[in-house]
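Open the model in a viewer and keep the selection panel at hand. The stops below go from the surface to the interior and end with the whole chain.

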Amino acid sequence: TADRDARVRLVSLQGARDELDRLILARRDAGTQADGPSTELAAAALSVAQQQLRAFDDKAAADVEHQKILTASSIVKILAPGGLRKRKMGETITAFNGRLAALCDAAGQGVVALTDDLTATYDGRPYDILSTGEAFLCRATIQAAVAQIDGSQAILVDIDRPLDSGATESVINLVDTAAADGGPIMFALIGITLTRPQQAPNLAALGEGCVTYWVEGGAVSVLADAKNRDLVVASQ
């Protein structure tokens with residue numbers, strides 16, 4: 001619309017210029033001085049000047065709108081399904097999957113990865129068809145990777161339901177790996193619902209600083225002996 005208005009204004013300006021030229025030639029043909037007083041000539045010159053100003057303003061407005069269109073077109077290309085957004089998302093997902101793979105390898109579990117549409121997979125199988133333990137490992141692995149990236153000082157994992165055989169051990173290995181790679185994570189806390197202390201995992205076997213606590217009836221105890229699971233009331 002701005003471009004059309006500018007073109008109309010330019011046509012009008014050309015008409016005003018033609019009229020001014022006609023009047024000047026008419027005065028010369030009549031033998032009058034071109035620089036002499038003439039109300040008609042002055043009015044024509046004023047009209048040309050006004051038309052020039054309006055044409056300039058319209059052209060400037062058209063240029064502004066044109067630049068907006070170019071900018072909008074660039075944004076559309078960036079946000080297009082196959083544009084810059086997809087490329088940057090792909091690069092980011094690839095880098096994130098590399099971090100997930102490193103965690104999975106160190107924890108000795110299946111590989112967790114994200115697809116281009118951010119669907120979680122475990123050893124190539126989509127999240128919706130995973131077992132309870134595999135689905136939990138997916139969530140825990142992604143949680144650990146994000147904690148490493150955002151600089152979290154702790155990882156909190158709540159195993160609120162029975163997991164597949166070996167899955168609990170994988171979770172423990174996972175968070176221990178995430179907290180032991182020299183990054184900002186200082187400790188990991190895992191909550192597991194068990195019916196008796198003897199079912200508790202042997203965290204002490206992982207190395208210095210790993211402790212298993214038993215919470216029951218408002219009392220907190222520590223499993224001090226990894227072999228016979230003796231309960232000792234934890235100190236304040």
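Select helix α2, residues 39–79, which supplies three residues, the largest share, of a nonpolar patch. This is a predicted model. To display the patch itself, pick Ile75, Ile78, Leu79 and Leu84, which lie on the surface and together have about 320 Å² of accessible area. Now keep Ile75 alone, a residue of helix α2. Is Ile75 buried or exposed? Neither term fits: its relative accessible area is 44%, so Ile75 counts as partly exposed, the class between under 20% for buried and over 50% for exposed.

Next, go inside. In soluble globular proteins, nonpolar side chains tend to be buried together. The largest nonpolar core here has 29 residues; select Phe136, Ile155, Val157 and Val171, the members that touch the most others. Then colour the elements that each supply at least two residues of this core: the helices α3 (84–107), α4 (132–150) and α5 (167–179), and the strands β1 (112–114), β2 (120–122) and β4 (154–159). Which of them gives the most? That is α4, with eight residues.

Centre the view on Val157 and show what surrounds it. Setting aside neighbours within four places in sequence, the contacts of Val157 are Phe136, Gln143, Val171, Val175, Leu189, Ile190 and Gly191. A separate core of eight residues lies apart from the one just visited; to find it, select Ala16, Leu20, Leu41 and Ala55, which are among its members.

Return to α5. From first C-alpha to last, its 13 residues reach 18 Å, close to the 18 Å expected at 1.5 Å a residue. Show the side chains of its buried residues: Ala167, Ser170, Val171, Ile172, Leu174, Val175 and Ala178. What do they pack against? Turn on α3, α4, β4 and β5 (187–192), which are the elements they meet.

Finally, zoom out to the whole protein chain and colour by secondary structure. There are five helices and eight strands, and reading along the sequence gives the order α-α-α-β-β-β-α-β-α-β-β-β-β. Switch to a surface view: the chain exposes about 15,200 Å², of which carbon and sulfur atoms supply 56%. Of the 236 residues, 27% are buried. For a last display, draw the contacts between residues at least 6 apart in sequence; 50% of these join residues at least 24 apart.

How values were computed: Residues numbered from 1 in each chain as written. Predicted model: local features only at pLDDT ≥ 70, side-chain atom pairs only at ≥ 80, totals over all residues. Heavy atoms only, no water. Patch = residues over 30% accessible without salt bridge, like charges linked within 9 Å, V, L, I, M, F, W, Y side chains within 5 Å. Areas by Shrake-Rupley, 256 points an atom, 1.4 Å probe, with all protein chains shown as cover. Salt bridge = Lys/Arg side-chain N within 4 Å of Asp/Glu carboxyl O. Helix = DSSP H or I, 4+ residues; strand = E, 2+ residues; numbered from the N terminus. Buried < 20%, exposed > 50% of the residue type's maximum accessible area, 1.4 Å probe, protein only. Core = buried A, V, L, I, M, F, W, Y, C linked by side-chain atoms within 4.5 Å. Contact = heavy atoms within 4.5 Å. Expected span 1.5 Å × (residues − 1).
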